[in-house]
Amino acid sequence: MDLQHAKRYSLTQLNLAEQLTLAVTLTPVQPTDISLFGLSSRRKLRDDGYMVFYNQKASPNNEISIQDGEHQEAQRFAINLSNLPAHVARLLVVITPEDAALSAGESIIDLLDQHGDTQGSYQLTEEHLANQRALFVCELVRTGGQWYFCTNCTPFDGDLRLILEHFGGVVEDDGADTTDLEFLPPITSLPPQQATPPKVETRIAVPLPGTSEQEQEYTTKLLDLIARIPKMLERLQTEEATKHALVMPFLQALGYDIFDPTEVVPEFISDVGIKRGEKVDYAILENGRPVILLECKHHAVTPTLENASQLYRYFSVTDARFAILTNGVIYRFYTDLDKPNMMDHKPFLEVNLLSLTEDELVEILKFAKHSFNQDDILGSASEMKYVAAIKQHLVQEFTEPTDEFIKLLIARVYDGRLTTNVRNRFATYTRKALNDFISQLISERLRSAFEASASTTTQISEPEDQDKDDDGLNVTPEEWQAFYIIKSVLRNEVNYARIYIRKHQSYCAVLLDNNRRKTICRLYFTEKRLAVGLFDAADRHEQRVIIDTLDDFFKHADRLKKSLQHVR
């Protein structure tokens with residue numbers, strides 16, 4: 001994929017996971033230093049160990065390293081984004097010539113996946129390179145928990161020493177006089193891309209099983225707030241606006257009186273151990289003492305501890321055992337599991353309200369006014385923290401299995417010699433096995449749930465005009481999964497016990513009352529393509545639609561309902 005100048009691309013667009021290689025090739029070859037700076041969100045070098053260059057070829061924990069020997073024509077950086085510390089939010093590639101300036105030529109920046117295949121290429125021309133003292137070539141930027149590749153080639157009037165100083169690094173004094181040297185101001189962010197309004201993916205039905213009437217009321221208020229968030233974000237231009245429109249209603253939804261200073265204290269200031277004038281945005285009090293501290297950021301800012309150091313300091317000098325860092329959409333909950341009275345660097349619970357799950361909602365409700373119990377929450381915080389961390393690694397392995405995971409499986413099922421070809425072959429096998437396992441697991445869970453529900457409903461007698469299975473054909477796990485999704489989509493339109501699936505040689509039919517004259521849709525699933533035949537037109541003419549994933553059935557919910565109406 002050819003990447004354009006001054007654009008931003010998500011790693012998903014580039015088919016890249018968080019383990020990747022960035023290669024810089026100069027043509028013709030020139031004596032240059034190619035460096036990679038690990039910067040904070042405010043473009044500061046918080047740790048000199050994250051400046052990777054010719055004299056320091058790896059970061060402290062090898063999250064970034066220079067690959068030597070294999071590719072002399074290019075400088076290659078091996079990068080594992082998932083292992084970077086929280087303070088590193090930008091990876092900036094810098095080219096500086098050993099001579100006075102770069103000579104004419106071209107440069108290509110390639111992004112390679114963990115198998116060595118190029119997924120994106122960004123080309124710099126003579127116009128970008130000629131006579132420049134240094135270039136900030138491109139960046140990997142973390143925004144909203146996602147990583148993006150930004151093609152923002154920008155000149156810099158200074159050598160590597162000045163670049164290090166520019167980003168706040170420490171340079172040993174060698175007696176050189178740099179007082180007359182000038183350089184350009186910090187590079188600015190890319191022009192904003194056309195933003196797609198966020199969507200609410202939360203699908204929670206009230207009442208939740210096992211919740212009290214009070215908790216059901218809290219849940220209803222929270223879901224109402226969540227539904228309004230996408231419409232409000234565009235109008236919230238400041239941090240203060242974010243607090244008033246998103247954070248204060250969140251506290252109200254949990255039963256707190258935000259206008260009662262004995263309950264919620266805005267701009268909370270501690271009496272001891274804090275810098276003069278420093279404060280946190282809110283403190284929730286219980287019996288006159290703070291039990292929860294809240295620090296808020298603008299909704300467009302990722303809530304990280306790097307820009308909320310006062311929250312960390314306040315935690316150690318107050319009685320509060322919980323701290324919440326939020327931008328009004330993402331909420332991160334902290335306590336002191338690692339060291340008493342010292343706030344952990346990693347949250348034990350993190351939720352995004354726009355994709356809130358029922359399990360996450362249950363944990364949030366523990367912080368509601370009438371159910372808050374410090375000891376109960378602390379008792380489950382450790383399990384939540386480490387279970388979440390394990391789940392994150394499992395998701396990564398299931399999405400893009402690492403070499404270590406693949407080698408572990410090979411060692412258990414394969415007796416031959418491990419070669420590159422064997423490893424590549426088993427990488428494909430592993431991905432397919434994981435996908436099949438997940439599909440089968442979901443299908444079995446859905447089938448059990450529907451069968452359990454159907455057993456309590458009145459049985460529908462089968463009509464005479466019944467559509468039989470073709471002999472010897474079995475419904476695949478993926479087709480079962482699609483069938484149960486369709487039943488879920490139509491559950492409010494018809495008793496789902498009336499919806500059947502029938503396998504044919506070239507498709508699966510989803511039928512009402514098991515009657516072939518009442519076809520709702522057809523599933524055309526092959527190894528290479530997923531398609532669904534829809535019958536929502538008045539003349540009942542079938543229209544086949546290609547889908548990317550089974551989730552796409554939810555996009556066609558209205559058409560499925562219309563097709564059902566035609567055959568009822």
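How many strands form the open sheet with the order 20-21-22-23-24, and is the pairing parallel or antiparallel? Five strands form this sheet, and the pairing is antiparallel. Before going on, keep in mind that this is a predicted model, in which local features need pLDDT of at least 70 and side-chain atom pairs count only at pLDDT 80 or more, while totals for chains, interfaces and linings use all residues. Residues are numbered from 1 along each chain as its sequence is written, and side-chain values use heavy atoms, with hydrogens and water left out.

Helices (H or I, at least four residues) and strands (E, at least two) are DSSP runs, numbered from the N terminus. Two strands count as paired if DSSP finds at least two bridges between them. Back in our five-stranded sheet, the edges are strand 20 (499-503) and strand 24 (543-547), each pairing on one side only. On average, neighbouring strands here are turned by 25° against each other, direction ignored. Angles run from 0 to 180 degrees between N-to-C directions, and axes are lines fitted to C-alpha atoms, for helices over the stretch in contact. Look at strand 21 (residues 508-512) and strand 22 (residues 519-525): four bridges pair them in the antiparallel sense. Val 510 sits opposite Cys 521 in strand 22. Helix 11 (residues 557-567) packs on this sheet, touching strand 21, strand 22, strand 23 (530-534) and strand 24; contact means heavy atoms within 4.5 Å. The direction of helix 11 makes about 135° with that of strand 22.

Now for another sheet. This open one has six strands in the order 1-10-9-3-7-6, with mixed pairing. Its edges are strand 1 (2-3) and strand 6 (64-67), each pairing on one side only. Strand 1 runs parallel to strand 10 (residues 118-124), joined by two bridges, and Asp 2 stands opposite Ser 121 in strand 10.

Next, a pair of helices. Helix 3 (residues 213-233) packs with helix 6 (residues 358-365) at an angle of about 115°, their axes 11 Å apart. From helix 3, Glu 215, Tyr 218, Thr 219 and Leu 222 meet Leu 361, Ile 364 and Leu 365 of helix 6. That contact has five nonpolar, one polar and one charged residues. Here Ala, Val, Leu, Ile, Met, Phe, Trp, Tyr, Cys and Pro count as nonpolar, Asp, Glu, Lys and Arg as charged, and the others, Gly among them, as polar.

What about empty space inside? A cavity is a set of points, on a 1 Å grid over the protein atoms alone, where a 1.4 Å probe fits but cannot get out; its lining residues have an atom within 4 Å of a point. The count comes to one cavity of 30 Å³ or more, and the largest cavity has a volume of about 40 Å³, volume being the space filled by probe spheres set on the points, with grid points joined across faces, edges and corners. Its lining includes Phe 250, Tyr 256 and Ile 292, and divides into 10 nonpolar, no polar and no charged residues. Helix 4 (239-253) and strand 16 (289-296) each supply at least two of the lining residues.

Last stop: Arg 46, in the loop between strand 4 (32-39) and strand 5 (51-52). Arg 46 touches Ser 40, His 87 and Glu 306, leaving out residues up to four places away in sequence.

Technical notes
1 Å grid on protein atoms, 1.4 Å probe; cavity = no way out; pocket = protein on both sides within 12 Å on 5 of 7 lines; lining within 4 Å.
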